[in-house]
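Biologist: I've got the model open on my screen. Can you walk me through a few spots in it?

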Amino acid sequence: MKNMTLENIAAVCGGTYFGAEEAKQKQIKGAVIDSRLVEKDYLFIPIKGARADGHQFIPDVFEKGALAVLSERELENPAGPYILVDDAERAMQQLAAFYRRSLSVKVVGITGSVGKTSTKEMIASVLGQKFCVLKTEGNLNNGIGLPLTIFQIREEHEVAVLEMGISEFGEMHRLAEMANPDICVITNIGTCHLEGLHDRDGILRAKTECFDHMRDNGIAVLNGDDDKLGSIKAVNGRSPVFYGMCKEAVAGDTPTGYQVFPEKSAYASDVEVRALAGTKAVIHIASKQGETVIPVEIPIAGEHNIYNALAAASVAVHLGLNADEIRRGIESVQTISGRSNLIQKDGITVIDDCYNANPDSMKASVNVLAQATGRKIAVLGDMGELGKEERALHYMVGEHFAGKGIDALFCTGTLSREIAAAVHKNSTDTEVHEFDTKEKLIETLQQYKREGDTILVKASHFMGFPEIVKQLTE
(Lines give C-alpha, C1' and ligand atoms only; values in the text may rest on other atoms or scores of the structure.)
Protein backbone atom coordinates (compact mmCIF):
# COMPACT_ATOMS: atom_id res chain seq x y z
CA MET A 1 0.00 0.00 0.00
CA LYS A 2 1.55 3.24 -1.22
CA ASN A 3 3.20 5.35 1.51
CA MET A 4 1.81 3.11 4.26
CA THR A 5 5.05 2.52 6.17
CA LEU A 6 4.85 1.89 9.90
CA GLU A 7 6.56 5.22 10.50
CA ASN A 8 3.95 7.08 8.44
CA ILE A 9 1.10 5.14 10.05
CA ALA A 10 2.27 6.13 13.55
CA ALA A 11 2.62 9.77 12.52
CA VAL A 12 -0.77 9.98 10.76
CA CYS A 13 -2.78 8.61 13.68
CA GLY A 14 -0.72 10.31 16.39
CA GLY A 15 0.38 6.97 17.78
CA THR A 16 3.51 5.77 19.53
CA TYR A 17 5.58 3.15 17.73
CA PHE A 18 6.93 0.17 19.66
CA GLY A 19 9.22 -2.23 17.85
CA ALA A 20 12.48 -2.63 16.01
CA GLU A 21 13.81 0.58 14.47
CA GLU A 22 14.60 -1.15 11.16
CA ALA A 23 10.95 -2.19 10.74
CA LYS A 24 9.66 1.41 10.70
CA GLN A 25 10.26 1.77 6.96
CA LYS A 26 8.45 -1.45 6.06
CA GLN A 27 5.22 -0.98 4.14
CA ILE A 28 2.00 -2.85 4.91
CA LYS A 29 0.29 -4.83 2.14
CA GLY A 30 -3.22 -4.54 3.56
CA ALA A 31 -5.24 -3.45 6.59
CA VAL A 32 -8.13 -5.38 8.18
CA ILE A 33 -10.18 -5.57 11.36
CA ASP A 34 -11.04 -9.27 11.02
CA SER A 35 -8.22 -11.49 12.29
CA ARG A 36 -9.34 -14.23 9.89
CA LEU A 37 -8.46 -12.00 6.93
CA VAL A 38 -4.90 -11.24 8.03
CA GLU A 39 -2.20 -12.12 5.52
CA LYS A 40 1.58 -11.69 5.50
CA ASP A 41 2.68 -8.08 6.11
CA TYR A 42 -0.84 -6.85 6.92
CA LEU A 43 -1.79 -4.29 9.56
CA PHE A 44 -4.38 -5.56 12.05
CA ILE A 45 -6.71 -2.97 13.59
CA PRO A 46 -8.43 -4.28 16.76
CA ILE A 47 -11.95 -2.88 17.06
CA LYS A 48 -14.03 -3.32 20.22
CA GLY A 49 -17.33 -4.80 19.11
CA ALA A 50 -20.50 -5.89 20.86
CA ARG A 51 -19.39 -9.54 20.82
CA ALA A 52 -15.61 -9.40 20.99
CA ASP A 53 -12.65 -7.12 21.54
CA GLY A 54 -10.21 -7.37 18.66
CA HIS A 55 -7.26 -6.98 21.03
CA GLN A 56 -7.70 -10.60 22.11
CA PHE A 57 -6.70 -11.75 18.61
CA ILE A 58 -3.39 -9.86 18.47
CA PRO A 59 -1.24 -12.95 19.26
CA ASP A 60 -3.04 -14.89 16.53
CA VAL A 61 -2.47 -12.29 13.82
CA PHE A 62 1.28 -12.17 14.45
CA GLU A 63 1.34 -15.94 14.00
CA LYS A 64 -0.41 -15.43 10.65
CA GLY A 65 2.30 -13.03 9.49
CA ALA A 66 0.93 -9.59 10.37
CA LEU A 67 3.58 -6.90 9.99
CA ALA A 68 2.15 -4.81 12.84
CA VAL A 69 -0.97 -4.02 14.84
CA LEU A 70 -2.62 -0.98 16.31
CA SER A 71 -3.48 -1.19 20.01
CA GLU A 72 -5.34 0.93 22.54
CA ARG A 73 -3.30 -0.61 25.38
CA GLU A 74 0.35 -1.34 25.99
CA LEU A 75 1.30 -4.90 25.02
CA GLU A 76 3.60 -7.21 26.94
CA ASN A 77 6.17 -9.04 24.82
CA PRO A 78 4.31 -8.74 21.49
CA ALA A 79 5.59 -10.90 18.64
CA GLY A 80 5.96 -7.89 16.37
CA PRO A 81 5.72 -4.09 16.16
CA TYR A 82 2.67 -2.25 17.40
CA ILE A 83 1.43 1.34 17.41
CA LEU A 84 -0.24 2.58 20.57
CA VAL A 85 -3.26 4.79 19.82
CA ASP A 86 -6.04 6.34 21.87
CA ASP A 87 -8.87 5.12 19.61
CA ALA A 88 -8.31 2.37 17.05
CA GLU A 89 -11.44 3.20 15.06
CA ARG A 90 -10.55 6.88 14.75
CA ALA A 91 -6.96 5.93 13.88
CA MET A 92 -8.29 3.69 11.11
CA GLN A 93 -10.27 6.60 9.68
CA GLN A 94 -7.22 8.88 9.78
CA LEU A 95 -5.18 6.24 7.96
CA ALA A 96 -7.87 5.84 5.31
CA ALA A 97 -7.91 9.61 4.67
CA PHE A 98 -4.11 9.65 4.39
CA TYR A 99 -4.01 6.64 2.08
CA ARG A 100 -6.74 7.97 -0.21
CA ARG A 101 -4.82 11.23 -0.68
CA SER A 102 -1.68 9.34 -1.66
CA LEU A 103 -3.46 7.84 -4.69
CA SER A 104 -4.34 9.33 -8.08
CA VAL A 105 -7.61 7.37 -8.23
CA LYS A 106 -10.80 9.29 -9.04
CA VAL A 107 -13.43 8.88 -6.32
CA VAL A 108 -17.19 9.02 -6.84
CA GLY A 109 -18.93 9.42 -3.48
CA ILE A 110 -22.63 8.47 -3.34
CA THR A 111 -25.17 9.31 -0.67
CA GLY A 112 -28.92 9.93 -0.41
CA SER A 113 -31.95 8.65 1.46
CA VAL A 114 -33.03 6.02 -1.07
CA GLY A 115 -31.20 4.24 -3.86
CA LYS A 116 -27.58 4.66 -2.76
CA THR A 117 -26.67 1.03 -3.37
CA SER A 118 -28.53 0.60 -6.66
CA THR A 119 -27.05 3.88 -7.93
CA LYS A 120 -23.60 2.74 -6.82
CA GLU A 121 -24.05 -0.51 -8.74
CA MET A 122 -25.22 1.37 -11.84
CA ILE A 123 -22.33 3.85 -11.76
CA ALA A 124 -19.76 1.10 -11.19
CA SER A 125 -21.21 -0.95 -14.05
CA VAL A 126 -21.02 2.00 -16.44
CA LEU A 127 -17.55 3.20 -15.42
CA GLY A 128 -16.31 -0.39 -15.58
CA GLN A 129 -16.71 -0.24 -19.35
CA LYS A 130 -13.68 2.06 -19.53
CA PHE A 131 -11.85 1.96 -16.20
CA CYS A 132 -10.58 -0.47 -13.58
CA VAL A 133 -13.16 0.19 -10.85
CA LEU A 134 -13.32 -0.60 -7.15
CA LYS A 135 -16.75 -0.28 -5.54
CA THR A 136 -18.21 -0.55 -2.08
CA GLU A 137 -19.21 -4.15 -1.37
CA GLY A 138 -22.12 -5.15 0.85
CA ASN A 139 -22.92 -2.63 3.57
CA LEU A 140 -19.39 -1.25 4.02
CA ASN A 141 -20.60 2.36 3.85
CA ASN A 142 -20.18 3.64 7.42
CA GLY A 143 -17.35 4.78 9.68
CA ILE A 144 -15.89 1.28 9.81
CA GLY A 145 -16.87 -0.05 6.40
CA LEU A 146 -15.74 2.92 4.34
CA PRO A 147 -12.09 2.88 5.50
CA LEU A 148 -11.95 -0.88 4.91
CA THR A 149 -13.11 -0.26 1.34
CA ILE A 150 -10.55 2.51 0.85
CA PHE A 151 -7.80 0.19 2.09
CA GLN A 152 -8.63 -2.15 -0.81
CA ILE A 153 -7.75 0.47 -3.44
CA ARG A 154 -4.59 -0.45 -5.31
CA GLU A 155 -2.59 1.46 -7.90
CA GLU A 156 -4.26 -0.42 -10.77
CA HIS A 157 -7.63 1.04 -9.79
CA GLU A 158 -8.55 4.12 -11.81
CA VAL A 159 -11.90 4.90 -10.16
CA ALA A 160 -13.39 4.08 -6.75
CA VAL A 161 -17.17 4.24 -6.35
CA LEU A 162 -17.82 4.69 -2.64
CA GLU A 163 -21.18 4.61 -0.89
CA MET A 164 -21.60 6.79 2.21
CA GLY A 165 -24.44 6.08 4.63
CA ILE A 166 -25.22 8.17 7.72
CA SER A 167 -27.79 8.51 10.48
CA GLU A 168 -26.58 11.55 12.46
CA PHE A 169 -25.05 15.00 12.04
CA GLY A 170 -21.28 15.13 11.67
CA GLU A 171 -21.06 11.57 10.41
CA MET A 172 -20.86 12.64 6.76
CA HIS A 173 -17.96 14.94 7.60
CA ARG A 174 -15.97 11.93 8.81
CA LEU A 175 -16.90 9.82 5.79
CA ALA A 176 -16.25 12.50 3.19
CA GLU A 177 -12.96 13.42 4.84
CA MET A 178 -11.85 9.86 4.14
CA ALA A 179 -13.36 9.56 0.66
CA ASN A 180 -12.24 13.05 -0.48
CA PRO A 181 -14.50 12.66 -3.54
CA ASP A 182 -13.94 14.16 -6.99
CA ILE A 183 -17.66 13.73 -7.69
CA CYS A 184 -20.48 13.75 -5.12
CA VAL A 185 -23.76 12.11 -6.15
CA ILE A 186 -26.87 12.64 -3.99
CA THR A 187 -29.87 10.54 -5.03
CA ASN A 188 -32.65 12.25 -3.02
CA ILE A 189 -33.66 13.64 0.36
CA GLY A 190 -36.34 11.37 1.83
CA THR A 191 -37.81 10.41 5.18
CA CYS A 192 -35.32 8.15 6.94
CA HIS A 193 -33.03 8.34 10.00
CA LEU A 194 -35.39 10.93 11.45
CA GLU A 195 -34.43 9.98 15.02
CA GLY A 196 -31.05 11.58 14.53
CA LEU A 197 -31.70 14.04 11.70
CA HIS A 198 -35.19 15.26 12.75
CA ASP A 199 -36.72 16.26 9.38
CA ARG A 200 -35.93 16.52 5.68
CA ASP A 201 -34.16 19.85 6.16
CA GLY A 202 -31.93 18.12 8.71
CA ILE A 203 -31.31 15.27 6.27
CA LEU A 204 -30.35 17.79 3.59
CA ARG A 205 -27.88 19.51 5.91
CA ALA A 206 -26.36 16.20 6.96
CA LYS A 207 -26.06 14.74 3.45
CA THR A 208 -24.55 17.91 1.97
CA GLU A 209 -21.75 17.86 4.54
CA CYS A 210 -20.00 15.79 1.86
CA PHE A 211 -19.40 18.97 -0.15
CA ASP A 212 -16.98 20.25 2.51
CA HIS A 213 -14.46 17.56 1.63
CA MET A 214 -14.70 17.45 -2.16
CA ARG A 215 -11.49 17.81 -4.13
CA ASP A 216 -10.64 21.06 -5.86
CA ASN A 217 -12.78 21.40 -9.01
CA GLY A 218 -15.04 18.61 -7.75
CA ILE A 219 -18.61 18.47 -9.02
CA ALA A 220 -21.94 17.66 -7.42
CA VAL A 221 -24.37 15.45 -9.38
CA LEU A 222 -27.85 15.92 -7.93
CA ASN A 223 -31.39 14.70 -8.51
CA GLY A 224 -33.00 17.88 -9.78
CA ASP A 225 -36.52 16.46 -9.37
CA ASP A 226 -36.02 16.38 -5.59
CA ASP A 227 -37.40 19.59 -4.07
CA LYS A 228 -34.59 19.86 -1.51
CA LEU A 229 -31.70 19.09 -3.87
CA GLY A 230 -33.25 21.16 -6.64
CA SER A 231 -32.99 24.24 -4.44
CA ILE A 232 -29.17 24.08 -4.36
CA LYS A 233 -27.75 26.88 -6.52
CA ALA A 234 -24.01 26.28 -6.16
CA VAL A 235 -21.59 23.82 -4.57
CA ASN A 236 -18.19 25.22 -3.65
CA GLY A 237 -18.67 27.98 -6.22
CA ARG A 238 -19.73 25.67 -9.07
CA SER A 239 -23.17 24.96 -10.48
CA PRO A 240 -24.39 21.43 -9.74
CA VAL A 241 -25.05 18.93 -12.52
CA PHE A 242 -28.75 18.11 -12.28
CA TYR A 243 -30.55 15.05 -13.64
CA GLY A 244 -34.27 14.27 -13.76
CA MET A 245 -37.17 13.05 -15.82
CA CYS A 246 -37.52 16.13 -18.04
CA LYS A 247 -35.09 18.76 -19.27
CA GLU A 248 -37.06 21.92 -18.73
CA ALA A 249 -36.99 24.03 -15.62
CA VAL A 250 -40.46 23.71 -14.10
CA ALA A 251 -42.32 25.35 -11.26
CA GLY A 252 -44.90 23.92 -8.93
CA ASP A 253 -46.14 23.37 -5.42
CA THR A 254 -44.07 21.18 -3.10
CA PRO A 255 -44.59 20.12 0.52
CA THR A 256 -42.49 23.14 1.49
CA GLY A 257 -44.12 25.69 -0.83
CA TYR A 258 -43.95 26.94 -4.41
CA GLN A 259 -40.63 26.16 -6.06
CA VAL A 260 -38.82 26.44 -9.37
CA PHE A 261 -37.00 23.22 -10.23
CA PRO A 262 -33.77 23.54 -12.26
CA GLU A 263 -33.11 22.60 -15.86
CA LYS A 264 -31.51 19.16 -16.13
CA SER A 265 -28.26 18.28 -17.88
CA ALA A 266 -29.43 14.66 -18.10
CA TYR A 267 -33.04 13.62 -18.65
CA ALA A 268 -35.15 10.79 -20.04
CA SER A 269 -37.75 10.47 -22.77
CA ASP A 270 -39.75 7.68 -24.42
CA VAL A 271 -40.07 5.77 -21.16
CA GLU A 272 -41.62 2.30 -21.55
CA VAL A 273 -42.13 0.24 -18.39
CA ARG A 274 -41.77 -3.46 -19.17
CA ALA A 275 -43.27 -4.81 -15.93
CA LEU A 276 -40.66 -6.76 -13.93
CA ALA A 277 -38.42 -7.08 -17.00
CA GLY A 278 -37.19 -3.52 -16.57
CA THR A 279 -37.63 -0.22 -18.39
CA LYS A 280 -36.80 1.12 -21.83
CA ALA A 281 -35.93 4.79 -22.15
CA VAL A 282 -33.91 7.28 -24.14
CA ILE A 283 -31.32 9.15 -22.10
CA HIS A 284 -30.36 12.64 -23.18
CA ILE A 285 -27.25 14.14 -21.68
CA ALA A 286 -25.40 17.36 -22.28
CA SER A 287 -21.70 17.14 -23.12
CA LYS A 288 -19.04 19.43 -24.54
CA GLN A 289 -19.92 18.14 -28.01
CA GLY A 290 -23.63 18.87 -27.58
CA GLU A 291 -26.48 16.58 -26.52
CA THR A 292 -25.76 12.84 -26.49
CA VAL A 293 -28.78 10.59 -27.05
CA ILE A 294 -28.61 7.03 -25.70
CA PRO A 295 -31.46 4.49 -26.12
CA VAL A 296 -31.19 1.98 -23.27
CA GLU A 297 -32.94 -1.02 -21.77
CA ILE A 298 -32.56 -0.95 -17.98
CA PRO A 299 -32.72 -4.61 -16.86
CA ILE A 300 -33.94 -3.90 -13.32
CA ALA A 301 -37.60 -3.60 -12.35
CA GLY A 302 -38.86 -0.22 -11.25
CA GLU A 303 -39.24 3.06 -13.09
CA HIS A 304 -37.16 4.70 -10.34
CA ASN A 305 -34.10 2.99 -11.83
CA ILE A 306 -34.21 5.57 -14.61
CA TYR A 307 -32.88 8.02 -12.03
CA ASN A 308 -30.00 5.67 -11.27
CA ALA A 309 -29.19 5.44 -14.97
CA LEU A 310 -29.31 9.23 -15.35
CA ALA A 311 -26.94 9.67 -12.40
CA ALA A 312 -24.56 7.12 -13.90
CA ALA A 313 -24.66 8.78 -17.32
CA SER A 314 -23.96 12.18 -15.73
CA VAL A 315 -20.89 10.85 -13.94
CA ALA A 316 -19.73 8.89 -16.98
CA VAL A 317 -19.83 11.86 -19.37
CA HIS A 318 -17.81 13.90 -16.89
CA LEU A 319 -15.17 11.15 -16.84
CA GLY A 320 -15.01 10.88 -20.62
CA LEU A 321 -17.08 7.81 -21.50
CA ASN A 322 -18.85 7.68 -24.86
CA ALA A 323 -22.48 6.83 -25.58
CA ASP A 324 -21.83 3.16 -26.39
CA GLU A 325 -19.87 2.63 -23.16
CA ILE A 326 -22.67 4.24 -21.15
CA ARG A 327 -25.34 2.11 -22.84
CA ARG A 328 -23.39 -1.13 -22.32
CA GLY A 329 -22.81 -0.32 -18.66
CA ILE A 330 -26.47 0.44 -17.98
CA GLU A 331 -27.69 -2.65 -19.81
CA SER A 332 -25.27 -4.97 -18.00
CA VAL A 333 -26.02 -3.82 -14.44
CA GLN A 334 -27.13 -6.52 -12.02
CA THR A 335 -29.09 -6.48 -8.79
CA ILE A 336 -27.63 -7.73 -5.51
CA SER A 337 -29.18 -9.65 -2.64
CA GLY A 338 -31.73 -7.64 -0.67
CA ARG A 339 -32.09 -4.85 -3.23
CA SER A 340 -34.95 -5.43 -5.71
CA ASN A 341 -33.42 -8.80 -6.54
CA LEU A 342 -35.80 -11.04 -8.51
CA ILE A 343 -35.66 -14.73 -7.61
CA GLN A 344 -37.64 -17.36 -9.52
CA LYS A 345 -38.58 -20.54 -7.65
CA ASP A 346 -41.23 -23.16 -8.44
CA GLY A 347 -43.25 -20.79 -10.61
CA ILE A 348 -43.18 -18.01 -8.02
CA THR A 349 -41.30 -14.70 -8.34
CA VAL A 350 -39.85 -13.27 -5.13
CA ILE A 351 -38.79 -9.62 -5.06
CA ASP A 352 -36.04 -9.70 -2.45
CA ASP A 353 -35.88 -6.08 -1.25
CA CYS A 354 -35.41 -6.73 2.44
CA TYR A 355 -31.98 -5.30 3.15
CA ASN A 356 -33.51 -2.12 4.54
CA ALA A 357 -36.56 0.10 4.28
CA ASN A 358 -37.92 3.60 4.74
CA PRO A 359 -41.24 5.11 3.61
CA ASP A 360 -39.96 6.25 0.21
CA SER A 361 -38.33 2.94 -0.66
CA MET A 362 -41.39 1.04 0.63
CA LYS A 363 -43.66 2.96 -1.72
CA ALA A 364 -41.27 2.48 -4.64
CA SER A 365 -41.22 -1.28 -4.00
CA VAL A 366 -45.03 -1.41 -3.89
CA ASN A 367 -45.01 0.35 -7.28
CA VAL A 368 -42.70 -2.36 -8.64
CA LEU A 369 -44.96 -5.12 -7.27
CA ALA A 370 -47.97 -3.46 -8.89
CA GLN A 371 -46.38 -4.03 -12.32
CA ALA A 372 -46.33 -7.82 -11.90
CA THR A 373 -48.77 -10.24 -13.50
CA GLY A 374 -50.65 -12.87 -11.50
CA ARG A 375 -51.38 -12.47 -7.80
CA LYS A 376 -49.39 -9.73 -6.09
CA ILE A 377 -48.47 -10.29 -2.44
CA ALA A 378 -46.68 -7.74 -0.25
CA VAL A 379 -44.83 -9.07 2.80
CA LEU A 380 -43.92 -6.04 4.88
CA GLY A 381 -42.43 -5.35 8.29
CA ASP A 382 -41.46 -2.43 10.50
CA MET A 383 -39.25 0.44 9.38
CA GLY A 384 -36.76 1.79 11.93
CA GLU A 385 -35.30 5.18 12.93
CA LEU A 386 -38.34 7.25 11.91
CA GLY A 387 -38.64 9.26 15.11
CA LYS A 388 -41.84 10.65 16.56
CA GLU A 389 -43.74 10.37 13.26
CA GLU A 390 -43.08 6.64 12.89
CA ARG A 391 -46.70 5.54 13.16
CA ALA A 392 -47.96 8.16 10.74
CA LEU A 393 -45.24 7.25 8.24
CA HIS A 394 -46.16 3.56 8.40
CA TYR A 395 -49.83 4.49 7.88
CA MET A 396 -48.81 6.53 4.83
CA VAL A 397 -47.23 3.43 3.29
CA GLY A 398 -50.52 1.59 3.72
CA GLU A 399 -52.39 4.44 2.03
CA HIS A 400 -50.10 4.02 -0.96
CA PHE A 401 -51.68 0.61 -1.68
CA ALA A 402 -54.87 2.29 -2.92
CA GLY A 403 -55.47 1.61 -6.61
CA LYS A 404 -52.31 -0.47 -7.00
CA GLY A 405 -54.10 -3.82 -7.41
CA ILE A 406 -52.17 -5.58 -4.65
CA ASP A 407 -54.00 -8.81 -3.84
CA ALA A 408 -52.70 -9.50 -0.34
CA LEU A 409 -50.69 -7.94 2.47
CA PHE A 410 -48.83 -10.11 4.98
CA CYS A 411 -47.23 -8.14 7.79
CA THR A 412 -45.69 -8.51 11.21
CA GLY A 413 -44.29 -6.00 13.67
CA THR A 414 -45.73 -3.44 16.05
CA LEU A 415 -45.52 -0.50 13.65
CA SER A 416 -46.69 -2.51 10.65
CA ARG A 417 -50.13 -2.63 12.24
CA GLU A 418 -50.42 0.96 10.98
CA ILE A 419 -49.75 -0.23 7.42
CA ALA A 420 -52.46 -2.86 7.84
CA ALA A 421 -54.93 -0.34 9.24
CA ALA A 422 -54.43 1.99 6.27
CA VAL A 423 -54.81 -0.85 3.77
CA HIS A 424 -58.02 -1.99 5.51
CA LYS A 425 -59.45 1.51 5.17
CA ASN A 426 -58.24 2.48 1.70
CA SER A 427 -57.82 -0.78 -0.26
CA THR A 428 -60.79 -3.00 0.44
CA ASP A 429 -59.83 -5.31 -2.44
CA THR A 430 -56.55 -6.23 -0.69
CA GLU A 431 -56.59 -9.16 1.75
CA VAL A 432 -54.82 -8.24 4.98
CA HIS A 433 -53.05 -10.86 7.11
CA GLU A 434 -51.40 -9.72 10.35
CA PHE A 435 -49.12 -11.91 12.48
CA ASP A 436 -47.60 -11.66 15.93
CA THR A 437 -44.47 -13.50 14.85
CA LYS A 438 -42.39 -13.85 11.72
CA GLU A 439 -42.53 -17.62 12.10
CA LYS A 440 -46.33 -17.69 11.95
CA LEU A 441 -46.27 -15.39 8.91
CA ILE A 442 -43.89 -17.75 7.10
CA GLU A 443 -46.02 -20.79 7.96
CA THR A 444 -49.21 -19.19 6.64
CA LEU A 445 -47.53 -17.69 3.58
CA GLN A 446 -46.11 -21.08 2.58
CA GLN A 447 -49.64 -22.48 2.57
CA TYR A 448 -51.13 -19.42 0.83
CA LYS A 449 -48.70 -19.03 -2.07
CA ARG A 450 -49.31 -20.64 -5.44
CA GLU A 451 -47.74 -20.82 -8.86
CA GLY A 452 -47.81 -17.50 -10.72
CA ASP A 453 -47.59 -15.33 -7.58
CA THR A 454 -45.20 -12.43 -7.22
CA ILE A 455 -44.18 -11.81 -3.61
CA LEU A 456 -42.46 -8.63 -2.41
CA VAL A 457 -40.47 -9.01 0.83
CA LYS A 458 -39.40 -5.74 2.48
CA ALA A 459 -38.66 -4.36 5.95
CA SER A 460 -35.85 -2.72 7.87
CA HIS A 461 -32.86 -4.95 8.45
CA PHE A 462 -33.53 -5.52 12.16
CA MET A 463 -36.73 -7.41 11.28
CA GLY A 464 -34.70 -10.32 9.89
CA PHE A 465 -36.78 -10.69 6.71
CA PRO A 466 -33.98 -12.43 4.75
CA GLU A 467 -35.24 -15.53 6.60
CA ILE A 468 -38.57 -15.14 4.78
CA VAL A 469 -36.79 -14.92 1.42
CA LYS A 470 -34.76 -17.99 2.33
CA GLN A 471 -37.86 -20.01 3.22
CA LEU A 472 -39.57 -19.00 -0.03
CA THR A 473 -36.63 -19.72 -2.32
CA GLU A 474 -34.71 -22.67 -0.90
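Modeller: Sure. Let's begin with a hairpin: strand 15 and strand 16 form it, with 2 residues between them. Keep in mind that this is a predicted model.

Biologist: How many bridges join strand 15 to strand 16, and do they run parallel or antiparallel?

Modeller: There are 9 bridges, and the two strands run antiparallel. If you want one pair to click on, Lys280 has Glu297 in strand 16 as its bridge partner.

Biologist: What holds strands together like that in general?

Modeller: Strands of a sheet pair through backbone hydrogen bonds, and the pairing is either parallel or antiparallel.

Biologist: OK, now helix 10. Which of its residues are buried?

Modeller: Helix 10 covers residues 323-331, and its buried residues are Glu325, Ile326, Gly329 and Ile330. Looking down the helix axis, you'd see these buried residues within an arc of 130°, so they line one face of helix 10.

Biologist: And what covers the buried residues of helix 10?

Modeller: The hairpin strands turn up again here: strand 15 (279-287) and strand 16 (290-298) are part of the cover, and it also includes helix 4 (116-127) and helix 9 (305-318).

Biologist: What about the start of helix 10, which atoms come together there?

Modeller: A side-chain oxygen of Asn322 comes to within 3.1 Å of the backbone nitrogen of Asp324.

Biologist: Switching topic. How many aromatic pairs are there in the whole structure?

Modeller: A search turns up 3 aromatic pairs. In one of them, Phe410 and Phe435, the ring centres are 5.7 Å apart and the planes sit at 20°, so that pair is stacked. Phe410 belongs to strand 20 (residues 408-412) and Phe435 to strand 21 (residues 431-435), so the pair ties together parts that are 25 residues apart in sequence.

Biologist: Are Phe410 and Phe435 buried or exposed?

Modeller: Phe410 is buried, at 0% relative accessibility. Phe435 is buried too, with a relative accessible area of 11%.

Biologist: Which residues make up the cluster that ring pairs link?

Modeller: Phe410, Phe435 and Tyr448.

Biologist: Next, the open sheet of 5 strands. What's the strand order?

Modeller: The order is 1-5-4-3-2, and the pairing is mixed. Strand 1 (16-18) and strand 2 (30-32) are at the edges with a single partner strand each, so one side of each has no neighbour in the sheet. From one strand to the next, the twist averages 25°.

Biologist: How do strand 4 and strand 5 run?

Modeller: They run parallel, with 3 bridges joining strand 4 (residues 68-71) to strand 5 (residues 82-84). For a landmark, find Leu70, which stands opposite Ile83 in strand 5.

Biologist: I work with cysteines a lot. Where is Cys184?

Modeller: Cys184 is in strand 9 (residues 183-186). Its relative accessible area is 1%, so Cys184 counts as buried.

Biologist: What is Cys184 in contact with, apart from its neighbours within four places in sequence?

Modeller: Its contacts there are Gly109, Cys210, Phe211, Met214, Ile219, Ala220 and Val221.

Biologist: Last one: Asn341. Buried or exposed?

Modeller: Asn341 sits in strand 17 (residues 341-345). With a relative accessible area of 17%, Asn341 is buried, because the cut-off is under 20%. Setting aside neighbours within four places in sequence, Asn341 is in contact with Thr335, Ile336, Val350, Ile351 and Asp352.

Notes. Residues are numbered from 1 along each chain as its sequence is written. This is a predicted model: local features need pLDDT of at least 70, side-chain atom pairs count only at pLDDT 80 or more; totals for chains, interfaces and linings use all residues. Side-chain values use heavy atoms; hydrogens and water are left out. Two strands pair if DSSP finds at least two bridges between them. Helices (H or I, at least four residues) and strands (E, at least two) are DSSP runs, numbered from the N terminus. Axes are lines fitted to C-alpha atoms, for helices over the stretch in contact, and angles run from 0 to 180 degrees between N-to-C directions. Buried means under 20% relative accessible area, exposed over 50%, partly exposed in between (1.4 Å probe, protein chains only). Contact means heavy atoms within 4.5 Å. The arc is that of the directions from the helix axis to the C-beta atoms. A polar contact is a pair of N or O atoms within 3.5 Å; within protein, one must be able to donate a hydrogen and the other to accept it, and residues adjacent in sequence count only if both atoms are side-chain atoms. Rings of Phe, Tyr and Trp (its six-membered ring) pair if their centres lie within 6.5 Å; planes under 30 degrees apart count as stacked, over 60 as edge-to-face and the rest as tilted.
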